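Colleague: I keep meeting words such as pocket, cavity and edge strand. Could you take me through them on one example?

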Amino acid sequence: MSAARDGGPVAAFEGVTVRYGSVLAADAVTLAVGRGSVYAVLGRNGAGKSSLVRCLLGQQRPAAGRATLFGDDAWRSRREAMARVGVVPEEPDVPPEMDAAEALAFCAPLYPRFDRVGAHARLARFGVPRDVPAGRLSKGQKGQLGLALALAHHPELLVLDDPTLGLDVVARKALYEELVGELADRGTTVVLTTHDLAGVEAIADRVGVLVEGRLVLDEELEALKARFRRVRFGTAAAAAVPGELLAPLAPLRLVRGGFGVETVVERFDEAAFERLRAQERMPEPEVSGMSLEEIFIAVNGGAQEVRR
């Protein structure tokens with residue numbers, strides 16, 4: 001019995017390292033995706049996201065470690081596992097001369113549970129014409145066709161590699177609404193890479209952040225947002241605030257200027273913050289929450305001090 005059937009992760013990376021010659025694309029990445037969850041893998045271009053996706057789909061063998069699907073090695077079990085996985089690649093892969101109806105007809109015999117009626121209904125909701133060659137569809141329509149194909153066999157795991165890249169705001173909204181509906185109706189497990197941090201914040205349960213191939217964050221989204229805060233001492237006198245007073249809160253970046261001091265902290269704690277505020281002659285600080293996008297920028301900015 002697979003680990004996933006025993007309650008283990010649906011997808012996982014166990015010390016996965018990927019190299020292209022001397023280039024290290026992924027550096028001993030370890031993470032797990034639980035059943036029914038939405039895991040967002042975030043990172044700048046070249047951070048290693050697509051390399052991890054290829055390993056997970058059994059398209060690439062890691063230099064070290066292993067990726068697993070449903071508890072089995074993805075490289076060895078790809079033939080069996082992919083019948084349970086839906087994939088939306090970064091670049092649409094429907095042949096340009098094939099229209100949507102032909103694509104559905106082509107894929108249907110490959111999956112015992114392929115739902116043609118549901119797929120056609122999904123295309124109708126998206127407004128994707130069924131008789132226009134894929135090469136003549138818009139970027140958004142191509143992505144929506146790919147999602148319809150990926151969901152048609154009711155996969156247990158849906159893998160999306162930057163699915164909203166190049167889509168306009170209307171197409172992005174339609175894609176996320178479809179995902180939310182699928183998650184509510186079937187509890188599908190989702191792994192996605194994306195640059196659309198605002199969009200994914202509404203659906204992700206857990207996020208992993210890659211920086212130059214290393215997994216620097218792997219955490220439940222709400223817990224992540226709870227411990228990151230922006231702290232500002234908004235007076236000129238605050239420019240003299242010593243950094244060691246902020247050390248318990250783990251500041252990522254200090255910005256000093258005529259306005260005072262502003263910092264992003266990654267270990268916000270109410271008790272530690274109250275001790276900081278109680279310091280003699282400490283200017284009254286302001287604390288605000290941060291969006292996922294702001295946290296991502298702070299993490300990628302590194303720990304440093306800037307003066308203005």
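Modeller: Start with a small space. The second largest cavity holds about 40 Å³. Keep in mind that this model is predicted.

Colleague: What makes a space a cavity and not a pocket?

Modeller: A 1.4 Å probe fits in a cavity but cannot get out, whereas a pocket is open. The space of about 40 Å³ is listed as a cavity, so the probe is shut in there.

Colleague: Which residues line the second largest cavity?

Modeller: Phe13, Val41, Lys49, Leu52, Val53, Leu56, Val191 and Thr193 do. Helix H1 and strand E8 (189-193) each supply at least two of the lining residues. The largest share, four residues, comes from H1.

Colleague: How do you know how many of the lining residues are nonpolar, polar or charged?

Modeller: Set the names against the classes. Phe, Val and Leu count as nonpolar, and Lys as charged. Thr is in none of the named groups, so Thr counts as polar. The result is six nonpolar, one polar and one charged.

Colleague: How many cavities of 30 Å³ or more does the search find?

Modeller: Two, over the whole structure. The largest has a volume of about 110 Å³. Of its 14 lining residues, the closest to the centre are Val88, Pro89, Glu90, Pro92 and Gly143. Helix H5 gives the largest share of that lining, four residues. By class, the lining has seven nonpolar, two polar and five charged residues.

Colleague: Now the open spaces. What is the volume of the largest pocket?

Modeller: About 610 Å³. It is lined by 27 residues, and Val87, Pro89, Asp93, Cys107 and Tyr111 are the closest to its centre. Helix H1 (49-56), strand E6 (85-88), helix H3 (100-107) and helix H5 (139-151) each give two or more residues to the lining. E6 gives the largest share, four residues. The lining has 17 nonpolar, five polar and five charged residues.

Colleague: And which element gives the largest share of the lining of the second largest pocket?

Modeller: H11, with five residues. This pocket has a volume of about 230 Å³. Among its 13 lining residues, the closest to the centre are Arg230, Arg253, Val264, Ile297 and Ala298. Strand E12 (251-257), strand E13 (260-265) and H11 each give two or more residues.

Colleague: Which residues of H11 are called buried?

Modeller: In helix H11 (residues 292-301), they are Leu292, Ile295, Phe296, Ala298 and Val299. Buried means under 20% relative accessible area, so each of them falls below that cut-off.

Colleague: How do you know that the buried residues are on the same side of H11?

Modeller: They cover an arc of only 165 degrees around the axis, which puts them on the same side of H11. There is a general pattern too. An α-helix has 3.6 residues a turn, so residues three or four places apart point the same way.

Colleague: Last, the sheet. What is the order of its strands?

Modeller: The open sheet of six strands runs E6-E7-E8-E3-E9-E10, with mixed pairing.

Colleague: Why are E6 and strand E10 (214-220) called edge strands?

Modeller: Each pairs on one side only. From one strand to the next, the twist averages 15 degrees.

Colleague: How do you know that strand E7 (residues 157-161) and E8 pair?

Modeller: Pairing needs at least two bridges. E7 and E8 have five, in the parallel sense, so they count as paired. Within this pair, Val159 stands opposite Val191 in E8. Val191 also lines the second largest cavity.

Conventions
Residues numbered from 1 in each chain as written. Predicted model: local features only at pLDDT ≥ 70, side-chain atom pairs only at ≥ 80, totals over all residues. Heavy atoms only, no water. Buried < 20%, exposed > 50% of the residue type's maximum accessible area, 1.4 Å probe, protein only. Arc of directions from axis to C-beta. 1 Å grid on protein atoms, 1.4 Å probe; cavity = no way out; pocket = protein on both sides within 12 Å on 5 of 7 lines; lining within 4 Å. Points joined across faces, edges and corners; volume = space filled by probe spheres on them. Axes fitted to C-alpha atoms, helices over the stretch in contact; angles between N-to-C directions.
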